[in-house]
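Work through the three exercises below with the coordinates open. Each task is followed by a stepwise solution.

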Amino acid sequence: MTQENRHTTPFVYKLAAGILLLIGTCIAALILGAADTSFLDVWLAFTSEASGSASEMIREIRLPREMAAIVVGAALSVSGAIMQGITRNPLADPGLLGLTAGAKAALAVATVWIPSVGYFGTTVACFAGAAAGALLVFGIGALRKGGFAPFRIVLAGASVSALLLAFAEGIGIYYKISKEISMWTAGGLIGTTWSQLQVIVPFITAGILVSLLLSRQLTILSLSEEVAVGLGQKIVPIKMILFAVIIVLAGAAVAIVGNLAFIGLLVPHVARGIVGEDYRLIIPMSAVSGAVLMLAADTLGRTLHAPYETPVAAIVAIMGLPFFLWIVRKGGSAVS
Amino acid sequence: MVRLSTNELCIGYGSRSIVKMLSVEIPDKKITTIIGANGCGKSTLLKAMTRIIPHQSGAVILDGKNILTENTKTLAKKMAILPQTPEAVSGLTVGELVSYGRHPYQRGFGRLTKKDYEVIDWALEVTGTAEFKCRPVDALSGGQRQRVWIAMALAQETELIFLDEPTTYLDLAHQLEVLELLQKLNVEQSRTIIMVLHDINQAARFADYIIALKDGQIVKAGNCEEVIHPEVLKQVFQIDAEIGRDPRTNKPMCITYNLLKGEANREKKMDSPRTYALAYH
């Protein structure tokens, strides 16, 4: 009968399929790994108080790690989707536009100067760093007319990221903490604990909820700013809130996983391919697809060369780079 | 008392002033056209009248209230804007795009009501775009796309509709199609149409009221007989125009024109357009 119905009814199925896929990936991720475990071990870990080494390992090592992969994947993807919507730049990604590099530099600073900072403090430092990185990149963009063109922003992002990462490395070498820093650079979910998740998950949940609430406004904004004003949107407060959401999501993700590009670029495009251009649908779909992708990439990293870890950042980059090039090619006029 | 007017409006970016002390009243339920050379401030004026860009001083008054103090959503129920060549949004269907015209009437997550659907269908019908409803906007031709954007503006159910060069990039037939649609909306539904046009003959043919701008100031505002006139065109466009009559509509029409040679060069030295208009004679 109506446009709305034709679009939303299948959307529920699409989202449900995504969630089923996520559950499947999650079970696979819990079973697979360096240590030999079976479906039964996973079952026991959840259903009983059994304290066998397999159950304990699953509960205390694998499960928090899978949870981390899920929230980080969702956070990076949603933040990428919002960035692409606000900037109308198909190449926007928190990893490419200096946010994650800024967060990492802030993390290095925090580790050195405030050693007692704790996990909450580290997370807040990551927010500040992400904000600083983003402001630098968009500040460079604002310096001249037309500076917000997709390629210019990506170039600015690349240079600012290089600078901030070099800064982080420098601090690492000078203060002899490069081992800790490079653990982050490798983009590992290794050693994520429940207590870390307790700090991060509320931020990411809040960020995703706010973005869902503003998703209709984001769609209007993604048409064009002039159209949004004409339709009666208060664009300045809406953009400010969305910008804060991007920073919280990207910063929280870095606090767990370190510097990780491409997830935020790739996933929203996949989600758009599945559900269309309405951000009310893109955002939930991005969250679910991002979680699946990150979980799969991390599991692959753990099992590819077990018992050694293949850095998840490398796996994501191998998947992401061809995709980046494909968007550049496909985007043609939209990108340049 | 007209609904929309500007009072000593000044618009500029930084220290550069684009529109200077401009006061004008926009006649209700008429088609008003703003014409002028490139960079004269015609688009800037349209954008300031619709709060898309801020103004430096003066005021834009709608229904007795300054538009800057009015709630932006309330304004969106009174005036709709079609920006110049809106970006094509890949993947959005025509129906979806037009449904965004209901945004000012929606709250929260924005589920469309029965009334919304009726208005959307009506807007598609009036603009002749109903058959494209499920097609992606970027699969349409330029003329069809422009009609879809007009449908979105109509879905806002506003009495005032602003358009910034709605015929740019369209071929001749599609230009006329868009202008005739606007004329129909004006005649049949008493909508007030305010648009920037490039083509003075189109302005003469369709507008009830023409505002001719030069350097951010009004050279002449009035009906087509008063504005499409050699003296006015000389000042506004630096052309020596031959004005005749359109044999079909009997409206004034620029048949041919020459550049005022030498005038363009002299313009740099002399400030007042009047000075060199005299010098030419």
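**Exercise 1. Give the strand order of the open sheet in chain B, then find its edges.**

Step 1. In this predicted model, the four strands of the open sheet in chain B follow the order 2-1-4-5. Their pairing is antiparallel.

Step 2. Strand 2 (16–26) and strand 5 (65–66) of chain B each have a single partner strand, so they stand at the edges and one side of each lacks a neighbour in the sheet.

Step 3. Check one pair. Strand 1 (residues 4–13) and strand 2 of chain B run antiparallel, joined by seven bridges. In this pair, B:Arg16 of strand 2 lies opposite B:Tyr13.

Step 4. Add the helix. Helix 1 (residues 42–49) of chain B packs on the sheet and touches strand 1, strand 2 and strand 4 (57–62) of chain B. Its direction makes about 65° with that of strand 2 of chain B.

**Exercise 2. Classify the packing of helix 4 and helix 5 of chain A.**

Step 1. Helix 4 (residues 99–113) and helix 5 (residues 118–142) of chain A pack with axes 6 Å apart, at an angle of about 135°.

Step 2. The two helices are therefore oblique to each other. Their crossing is right-handed.

Step 3. Inspect the contact. Helix 4 of chain A contributes residues including A:Leu99 and A:Val109, and helix 5 of chain A residues including A:Cys126 and A:Gly129. By class, the contact residues are 14 nonpolar, five polar and one charged.

**Exercise 3. Describe the contact between chain A and chain B.**

Step 1. Chain A gives 18 residues and chain B gives 25 residues.

Step 2. On chain A, helix 1 (3–31), helix 9 (215–223) and helix 10 (225–230) each supply at least two residues. Helix 10 of chain A has the largest share, four residues.

Step 3. The chain A side holds five nonpolar, six polar and seven charged residues.

Conventions: Residues are numbered from 1 along each chain as its sequence is written. Chains are lettered from A and ligands numbered from 1 in the order in which they are written. This is a predicted model: local features need pLDDT of at least 70, side-chain atom pairs count only at pLDDT 80 or more; totals for chains, interfaces and linings use all residues. Two strands pair if DSSP finds at least two bridges between them. Two residues are in contact if their C-beta atoms, placed from the backbone, lie within 7 Å. Axes are lines fitted to C-alpha atoms, for helices over the stretch in contact, and angles run from 0 to 180 degrees between N-to-C directions. Ala, Val, Leu, Ile, Met, Phe, Trp, Tyr, Cys and Pro count as nonpolar, Asp, Glu, Lys and Arg as charged, and the others, Gly among them, as polar. Angles under 35 degrees count as roughly parallel, over 145 as roughly antiparallel, 65 to 115 as roughly perpendicular and the rest as oblique. A crossing is left-handed if the near helix is turned anticlockwise from the far one by less than a right angle, and right-handed if clockwise.
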